[in-house]
Amino acid sequence: MTRPINTKRKIRYLLLGVLFLMAFLINISFGSVEISIKTILESVFGPTTHNNPLDYIIHHYRIPKAITAVVVGAGLSISGLLMQTLFKNPLAGPYVLGISSGASLGAALYIMGAAALGAFLPQWLGNWSTTIAASIGSFSVLFIVATVATRIKNTMALLIIGLMFGSLSSALVSILAFFSSKESLQKFVFWTYGNLGNLSFTDIGILGLFVSIGSLVSILNTNVLNAMLLGNDYAISLGISLKKTSLTILIATGLIAGSITAFVGPIAFLGLAVPHICRLVWNTSNHKILIPTSLLMGAIFMLISDSIAQLPGSANVLPINAITALFGSPIVIWLLVRKKQIQL
Amino acid sequence: MALEFKDLIIGYKNSRKSQQIAGPFDLKIPEKKLTAVIGKNGAGKTTLIKTIGQQLKSLNGAVLLDSQSIEKIPNDQRARLLSFVFTTTLSSENMSVYELVALGRYPFLNWYSKPSKKDAECIQEAIVFTALEGLENTKIHALSDGQKQRAFIARALAQETPYMILDEPMSHLDHHHKAQLLSLMKKLVNEKDKTIVYTTHDIEKAITNADFILALTEDKSFFNTPDNLIKEGVFDILFPQEQVYFNPATSQFLYRDPKSK
């Protein structure tokens, strides 16, 4: 009985792996200058660098961006999965806790309220300033939510508190926007579009570390997450401490979603949609399958979205935040209409 | 091994006030017997179950397991002594019967451990015992109410605990499935040496099938064998006399005809 399932599992990961490699290569190949797959492979695996401009683009721009897409896509999907399981709510995503709103508020305070906050962020930070401001914002919100979580038994209350923080932050951002100059407002709007292309290898290292820690925590909690699907009464009866588990999941999500928002902006949708796509495609609620497939599927999804955003054959780059939803929503709708039911 | 209630008062409390629902209880649940908890809606049946399961804290006194307060027993140890069937719905019914039953093995797993041969055997045994063979890969949402209830009992059975506590296991079931479930519970007591406590509204079936009955009324609780409870006249005072009365000869509850007033 177990053998065909094992084979099926192997085929599933093989397929995802192949899809992932293809998406990765296509992502590197697309852009203002189209680079053939052959050139990419030669440049990466070839004997020496040929010192041509394409090499430079591949190594210093395209590859870091593709790796960023992988980390961001995988991270957002896994944090969305964690939130949906914790809150037992199919509409939860990585940002229900108000983490992205916190990051937006941090970024807005820095970009649009520079006069007020500039004193705290020294000039030499340069490019990092927005990232740090956004991190401070997202982690402050995370800290508050985690503190509240230790006092509240009801996860539904926590969900609403997260939403309230979101509304509060957006209100403050609107007020800031109202009083800010045209230039800084534009800069802030661009930040909200999301940008995968601005990260150095050091940035990617830091982001990768946070996302890896969060993902590792999720993998270690696979059995706990499955038991959470039984509901709180059963979870307690199986010996699970709800408080400890909620806090662990909150912190893992906060690390992932907080660092991603800080580095690439508030990219939404993906975290909500990818876990549903995996649930529907593999018709399961088992985290042993959902965690690895969400990680891979998220990465693939982000690579494809970014490839589309590059508008092949043109110098323009569309906002990634718009493309993920534009490309993803029809897929989710189609899957739902076909399967006719939604379960966590 | 012993499950006892000592001066136990159950109810709800928050920082401002506490609301007593039932108690004080002072009794020992008989080992390897089937005990039914009865009482009208709101009498505290589910509250009692949740106090045993530590979803609720007792207002006073304690639930004792082996003379130790259940609040002091570590979570993982408690999960190896008590298993439950609740009335709550799952947040996901998109898991298979096998996956559901396998979750009963959670207390025996570490984060890294794959289910062992022993786990697989326990799961298989629970599935066979509850007559769910052939349904292993069926999703929970595709089961009938009777099958679903058996799957939840199989999950509790896979947890391999000496005590099984079931909240309203027979609600939503027709007579055929009620009978099936009652004989399953009796089989668990007789063949697997389980001590079972279950709550029910079907007092007539409890009288004929349970070894002991804990009857909750508004201001008192009674605990005895069904025959002794009949002799004590407990069933006569369970419901308002002017509407429902008990006929000890047939062990039946009868409704008074409003016209005959």
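Here is a short walk through one helix and the aromatic residues of this predicted model.

Let's start with helix 4 of chain B, which covers residues 117-129. Its 13 residues reach 18 Å from the first C-alpha to the last, close to the 18 Å expected at 1.5 Å a residue. At the N-terminal end you will find B:Ser116 acting as a cap, with a side-chain oxygen 3.3 Å from the backbone nitrogen of B:Lys118. Past the other end, look for B:Ala131, which follows the helix and has a positive phi, near 55°.

Which residues of this helix are buried? They are B:Asp119, B:Cys122, B:Ile123, B:Ala126, B:Ile127 and B:Phe129. These buried residues pack against three helices of chain B: helix 3 (97-102), helix 5 (145-158) and helix 6 (175-192). B:Phe129 also has a charged partner, since the charged end of B:Lys187 sits over its ring, 4.5 Å from the centre. A comparable arrangement can be seen where B:Arg105 lies over the face of B:Phe108, at 4.1 Å from the ring centre.

Now for the aromatic residues: over all chains, the whole structure holds 15 aromatic pairs. In one of them, the ring centres of A:Tyr234 and B:Phe152 are 5.7 Å apart and the planes meet at 15°, so the pair is stacked. Because A:Tyr234 belongs to helix 11 (residues 232-237) of chain A and B:Phe152 to helix 5 of chain B, this pair joins two chains. Both A:Tyr234 and B:Phe152 are buried. B:Phe84 and B:Phe86 are stacked too, at 5.2 Å centre to centre with 0° between the planes. B:Phe84 is buried at 2% relative accessible area, and B:Phe86 counts as buried at 5%. Together, A:Tyr234, B:Phe84, B:Phe86 and B:Phe152 make up one aromatic cluster.

Conventions. Residues numbered from 1 in each chain as written. Chains lettered and ligands numbered in written order. Predicted model: local features only at pLDDT ≥ 70, side-chain atom pairs only at ≥ 80, totals over all residues. Heavy atoms only, no water. Helix = DSSP H or I, 4+ residues; strand = E, 2+ residues; numbered from the N terminus. Expected span 1.5 Å × (residues − 1). Buried < 20%, exposed > 50% of the residue type's maximum accessible area, 1.4 Å probe, protein only. Contact = heavy atoms within 4.5 Å. Polar contact = N/O pair within 3.5 Å; in protein donor to acceptor, adjacent residues only side chain to side chain. Phe/Tyr/Trp six-rings, centres within 6.5 Å; stacked < 30°, edge-to-face > 60°. Lys NZ or Arg CZ within 6 Å of the ring centre and 35° of its normal.
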